[in-house]
Amino acid sequence: MGGLIHVVMFVGALTAYIAWSIAGLSALSVARLAPRGEKLSSYFELGRWRFATLETRLGAAVTPHLVRYRRAFLVFLAAICAMIVLALSTLFLKPA
């Protein structure tokens with residue numbers, strides 16, 4: 001199990017990095033759809049998870065970007081939590 005944990009942690013870190021990158025690109029896409037002068041406020045609304053406010057202000061064109069952002073962020077959190085649980089579970093394994 002000792003050698004395999006490094007592979008599993010690497011895969012988890014790679015998954016988290018890819019999900020974080022997709023979330024970042026989706027956030028940039030949302031800001032690109034915002035009118036001039038409202039880009040920073042759209043980042044704040046996105047960070048607060050106020051997707052309904054963004055949809056009403058920016059229109060229906062922003063919906064696919066918001067869905068992609070939400071899913072990527074949840075995958076990122078799931079990968080990080082799984083890595084933490086795996087790291088903590090190795091503390092309770094008996095050495096062979």
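Buried means under 20% relative accessible area, exposed means over 50%, and partly exposed is what falls in between (1.4 Å probe, protein chains only). This is a predicted model, where local features need pLDDT of at least 70, side-chain atom pairs count only at pLDDT 80 or more, and totals for chains, interfaces and linings use all residues. Residues are numbered from 1 along each chain as its sequence is written, and side-chain values use heavy atoms, with hydrogens and water left out.

**View 1. The whole chain, four helices and zero strands.** Helices (H or I, at least four residues) and strands (E, at least two) are DSSP runs, numbered from the N terminus. Read from that end, the elements go α-α-α-α. The C-alpha trace spans about 60 × 20 × 15 Å along its principal axes. A compact globule of 96 residues would have a radius of gyration near 12 Å, but this protein comes out at 18 Å (taken over C-alpha atoms; the globule rule is 2.2 Å times the number of residues to the power 0.38). Of the 96 residues, 28% count as buried. As for pLDDT (the predictor's confidence in each residue, from 0 to 100), the average is 90, and 97% of the residues score at least 70. Among the elements, helix 4 has the highest mean, 94, and helix 2 the lowest, 89.

**View 2. Helix 1 and what covers it.** The 30 residues of helix 1 should span 44 Å at 1.5 Å a residue, and the end C-alpha atoms are indeed 44 Å apart (the expected span is 1.5 Å times one less than the number of residues). Buried residues of helix 1 include Ile5, Gly12, Ala16, Ala19 and Ala23, and further along Ser26, Ala27, Ser29, Val30 and Ala31. The cover over the buried residues includes helix 2 (39-47), helix 3 (51-58) and helix 4.

**View 3. His65 up against its neighbours.** His65 sits in helix 4 and, at 18% relative accessibility, counts as buried. Leaving aside residues up to four places away in sequence, His65 touches Ser26, Ser29, Val30 and Leu33 (contact means heavy atoms within 4.5 Å).

**View 4. A cluster of aromatic rings.** Rings of Phe, Tyr and Trp (its six-membered ring) pair if their centres lie within 6.5 Å; planes under 30 degrees apart count as stacked, over 60 as edge-to-face and the rest as tilted. Searching the whole structure turns up eight aromatic pairs. One of them is Trp20 with Phe76, a tilted pair at 4.6 Å centre to centre with 45° between the planes. This pair links distant parts of the chain: Trp20 belongs to helix 1 (residues 4-33) and Phe76 to helix 4 (residues 63-89), 56 residues apart. Trp20 is partly exposed at 45%, whereas Phe76 counts as buried at 19%. Ring pairs also tie Trp20 and Phe76 into a cluster with Trp49, Phe51, Tyr69 and Phe73.

**View 5. Two salt bridges.** A salt bridge here is a side-chain nitrogen of Lys or Arg within 4 Å of a carboxyl oxygen of Asp or Glu. In one, the side chains of Glu38 and Arg57 meet at 3.1 Å, N to O. Glu38 is in the loop between helix 1 and helix 2 and Arg57 is in helix 3, 19 residues apart, so the pair links distant parts of the chain. Both ends are partly exposed, Glu38 at 29% and Arg57 at 32%. Glu45 and Arg48 also meet through their side chains, at 4.0 Å, N to O. Glu45 counts as buried, with 13% relative accessibility.
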